[in-house]
Amino acid sequence: MFKKNYANKQNNIFVFDYSDSTAKKVKNFYKDDPFPNYELSDNRGTIISKGDKNLYTFNLKKFIGHNKKILEVGSGTSQLANYLAVGNNNSVVAFDLNFESLKIGSLFAQNNNINNVDFVCGDIFDDIFENNTFDFVLCNGVLHHTKDTYDSFKHSLNWLKKDGYILVGLYNKYGRLRTFLRKYIYKIFGKKILMLFDPVLRKIEKGSSKKINAWIKDQYTHPVERTHSFDDVLKWFEACNVEFVNSFPSCEIFTEVNRKEPLQNLFTPGKKGSFVERILSQISMIFTRQGSEGGLYLFLGKKK
Ligand SMILES: C[S@@+](CC[C@H](N)C(=O)[O-])C[C@H]1O[C@@H](n2cnc3c(N)ncnc32)[C@H](O)[C@@H]1O
């Protein structure tokens with residue numbers, strides 16, 4: 001699986017050294033508050049029930065199927081990697097530059113008897129994995145925190161097999177407006193007032209202070225963060241020979257087929273819509289749950 005030799009293996013994590021200054025800055029940022037972290041009561045059962053209730057993760061797991069090699073780039077504390085590995089014969093790699101985050105994920109896997117996840121610590125820009133290794137590469141909420149979003153996308157794509165799928169989750173240029181406004185509220189009034197305005201914070205189990213702090217830090221104080229439009233991703237897909245499968249929210253704001261289950265639509269072939277439709281779809285995020293929870297959007301592509 002690896003192209004290079006790892007420096008060492010600690011806490012069941014393969015560790016690759018890196019020297020990039022942005023990577024080090026981001027690592028230091030997450031060091032004391034690994035993201036997204038677990039709630040106090042989390043265990044194998046709660047991870048399965050939460051994952052199954054979430055339409056995105058449930059449909060993703062169903063779409064991936066069995067006997068696949070999956071890479072989660074920027075897995076943080078690796079809830080998703082652990083959820084995707086439970087109850088099947090997939091082989092999952094949780095990859096992140098923050099050793100502290102991976103340590104939490106790896107301990108969770110050990111304590112909950114999840115044996116088909118490998119934890120790898122390193123930087124996306126270092127060619128750690130052999131090219132064309134994985135059937136599915138997930139890059140959710142990570143590429144916009146690196147030194148270059150497009151370049152990190154290309155590196156992640158190298159690790160994907162031909163006909164494999166890549167899922168990219170990024171902050172939207174328009175859809176993140178509500179978070180920008182809350183940043184000012186946080187700066188002026190602090191954490192208590194923020195709890196009233198941020199719907200994600202209100203949902204976190206009381207007492208899970210590590211998870212609360214991780215969310216506040218990640219959303220409101222990140223030192224390396226960019227936003228991108230739908231058209232940015234379409235351009236990258238085109239340039240890298242990746243076929244557009246679908247997006248969430250959909251690019252076709254007027255003709256979205258099954259509006260009740262848009263997250264299921266993400267995994268079925270869709271259309272790119274017109275430029276105007278795409279702009280409207282992104283603006284509409286401001287008024288939906290996506291916009292109130294950080295403005296993250298998802299694009300699924302297939303490597304040709
Ligand atoms: C916002 S968190 C997302 C975690 C997880 N994917 C999720 O959606 O909950 C971003 C993660 O990307 C990792 N990351 C940032 N830059 C990276 C890089 N150059 N190489 C590997 N991981 C990176 C960070 O350490 C952090 O854990």
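Mentor: Let's start with a term: a polar contact is a pair of N or O atoms within 3.5 Å. Keep in mind that this is a predicted model.

Trainee: Okay, so which polar backbone atom is 2.7 Å from a nitrogen atom of the ligand?

Mentor: That one belongs to Gly 74. Leu 97 also offers a polar backbone atom, 3.3 Å from a ligand nitrogen. With Asp 96 it's the side chain: one of its polar atoms sits 2.6 Å from an oxygen of the ligand.

Trainee: And how much of the ligand's accessible area does the protein cover?

Mentor: On its own the ligand has 600 Å² of accessible area, and the protein covers 93% of that.

Trainee: How many residues surround the ligand, and which are the closest?

Mentor: There are 19 around it, with Gly 74, Asp 96, Asp 123, Ile 124 and Asn 140 the closest. Sort the shell by class and you get eight polar, seven nonpolar and four charged residues.

Trainee: Now the nonpolar cores. What's the general idea there?

Mentor: In soluble globular proteins, nonpolar side chains tend to be buried together. Here, the largest nonpolar core has 36 residues, and Phe 95, Phe 129 and Phe 153 touch the most other members.

Trainee: Which element gives the most to this core?

Mentor: Helix H11 (230–239), with five residues. Other elements supplying at least two residues each include strand E4 (91–96), strand E6 (134–140), helix H6 (149–158) and strand E7 (160–171).

Trainee: What lies apart from that core?

Mentor: Another core, this one of 34 residues, including Ile 114, Leu 138, Val 245 and Phe 267.

Notes:
Residues are numbered from 1 along each chain as its sequence is written. This is a predicted model: local features need pLDDT of at least 70, side-chain atom pairs count only at pLDDT 80 or more; totals for chains, interfaces and linings use all residues. Side-chain values use heavy atoms; hydrogens and water are left out. A residue is near a molecule or strand if one of its heavy atoms lies within 4 Å of it. A polar contact is a pair of N or O atoms within 3.5 Å; within protein, one must be able to donate a hydrogen and the other to accept it, and residues adjacent in sequence count only if both atoms are side-chain atoms. Accessible areas come from the Shrake-Rupley method with a 1.4 Å probe; for residues, only the protein chains shown count as cover. Ala, Val, Leu, Ile, Met, Phe, Trp, Tyr, Cys and Pro count as nonpolar, Asp, Glu, Lys and Arg as charged, and the others, Gly among them, as polar. A nonpolar core is a set of buried Ala, Val, Leu, Ile, Met, Phe, Trp, Tyr and Cys residues joined through side-chain atoms within 4.5 Å. Buried means under 20% relative accessible area, exposed over 50%, partly exposed in between (1.4 Å probe, protein chains only). Helices (H or I, at least four residues) and strands (E, at least two) are DSSP runs, numbered from the N terminus.
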